[in-house]
Amino acid sequence: MSPSPETVEVDFVTPRHLAGGGDPAWITVPLHRACGWSYGHDPLMPRVLLSSPDQKVLLRLEPDPAGQWWTLSHVAEPNTPAWYASFGARTPVELISAMTDALTHPAPSADAPSDPFEPLRRIGWSPSSTDNGLASPDGTAYLQRLGSAEEPGAWFVTAALGPDRPVWQARFGEHTPARLVTAFTAALADPKPVLRIDSGRSLPTRNPNIVTRQTTDVRAELLAGALEERVRSLAARQAAPPTSPAPSRQSPAKKRRSR
């Protein structure tokens, strides 16, 4: 049955790393409207440039059939080398946004998880044939870190349907903060499906042995409101006053009896 004018046919897709890229606005709109990132606009160029308020981070979205579509670069600081992250066109926006949400958090927790391998180990990823890597149980996704324990290198997350059928790759430079890479792998490990519209064209595979699709009709107003709710949530996070430890309570001083 075709959807009514008030509903939209939506596919809920698992595993999420094979759901296709999704809507870039899920990343760009909250960065601009909730986090204050400014954008450069050139109507003759098919690209988006967003700069953080402190001008230290640049997000570039640029169609590149031969390379990465998303590039996030951070300038060097006195005690921190420059770093970057980049993502292929079919990298799900839910994974990229998990990293940008962690990056823009106004008060990141000092004890935030910082082992990118850990979220994947918890869901059954196992050592892969490559050195210092993990593979998903179905063999369609891999996490690897180059280098050695003494000199660790870049991180690579790859989704593929076989040795000669790569779907997307995420790359994190050796100096990318581990908590940001972990935010990405935690989103990758999340078992919840992601929704896609017109997934028949966007999915890298429709093989039911690899990808599960649950099709349902969703009210158009709810679908349109999801991005607005995300913007409101992140804006509230940015506006929240920093938490400070509560002052310790001291027992009132005892009055001395005069003699």
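Colleague: Which residues does Thr-100 touch, not counting those up to four places away in sequence?
Modeller: Ile-27 and Leu-31, where contact means heavy atoms within 4.5 Å of each other. Bear in mind that this is a predicted model: local features need pLDDT of at least 70, side-chain atom pairs count only at pLDDT 80 or more, and totals for chains, interfaces and linings use all residues. Residues are numbered from 1 along each chain as its sequence is written, and side-chain values use heavy atoms, with hydrogens and water left out.

Colleague: Why is Thr-100 called buried?
Modeller: Buried means under 20% relative accessible area, exposed means over 50%, and partly exposed is in between (1.4 Å probe, protein chains only). Thr-100 has 3% relative accessibility, so it counts as buried.

Colleague: What makes the link from the side chain of Thr-100 to Ser-97 a polar contact?
Modeller: The side chain of Thr-100 reaches the backbone oxygen of Ser-97 at 3.1 Å. A polar contact is a pair of N or O atoms within 3.5 Å; within protein, one must be able to donate a hydrogen and the other to accept it, and residues adjacent in sequence count only if both atoms are side-chain atoms.

Colleague: Where does Thr-100 lie?
Modeller: In helix 2, residues 93-103. Helices are DSSP runs of H or I with at least four residues, strands are runs of E with at least two, and numbering starts at the N terminus. The protein chain has 6 helices and 13 strands.

Colleague: How do you know that helix 2 is largely enclosed by the rest of the structure?
Modeller: 11 of its 11 residues are buried, so the label follows. Charged names are on that list too, among them Glu-94 and Asp-101. For the protein chain, 38% of its 259 residues count as buried.

Colleague: How many aromatic pairs are there, and what makes the one between Trp-168 and Phe-184 edge-to-face?
Modeller: The structure holds 5. Rings of Phe, Tyr and Trp (its six-membered ring) pair if their centres lie within 6.5 Å; planes under 30 degrees apart count as stacked, over 60 as edge-to-face, and the rest as tilted. The ring centres of Trp-168 and Phe-184 are 6.2 Å apart and the planes stand at 80 degrees, so this pair is edge-to-face. The pair links distant parts of the chain: Trp-168 is in strand 11 (residues 166-172) and Phe-184 in helix 4 (residues 178-189), 16 residues apart.

Colleague: Why do Trp-168 and Phe-184 count as buried?
Modeller: Trp-168 has 4% relative accessibility, so it counts as buried; Phe-184, with a relative accessible area of 0%, is buried as well.

Colleague: And what makes the pair of Phe-172 and Phe-184 edge-to-face?
Modeller: Centre to centre it's 5.3 Å, with 70 degrees between the planes, hence edge-to-face. Phe-172 sits in strand 11 and Phe-184 in helix 4, so the pair ties together parts 12 residues apart in sequence. Phe-172 is at 0% relative accessibility, so it counts as buried. Ring pairs link Phe-87, Trp-168, Phe-172 and Phe-184 into a cluster.

Colleague: Which residues is Gly-88 in contact with, leaving aside neighbours within four places in sequence?
Modeller: Gln-68, Trp-69, Trp-70, Trp-168 and Gln-169. Gly-88 and Trp-70 are 18 residues apart in sequence and 6.5 Å apart in space, C-alpha to C-alpha. Gly-88 belongs to the loop between strand 6 (83-87) and helix 2, and its 5% relative accessible area is why it is called buried.

Colleague: Why is Gln-55 called exposed, and what is its phi?
Modeller: At 52% relative accessibility, it counts as exposed. Its phi is near 65 degrees, a positive value in a residue other than glycine. Gln-55 is found in the loop between strand 3 (48-51) and strand 4 (57-61).

Colleague: What makes Arg-122 exposed?
Modeller: Its relative accessible area is 61%, so it's exposed. Arg-122 lies in helix 3, residues 118-122.

Colleague: How do you know that the peptide bond from Thr-14 to Pro-15 is cis?
Modeller: Its omega is near -10 degrees. Pro-15 lies in the loop between strand 1 (7-14) and helix 1 (25-33).
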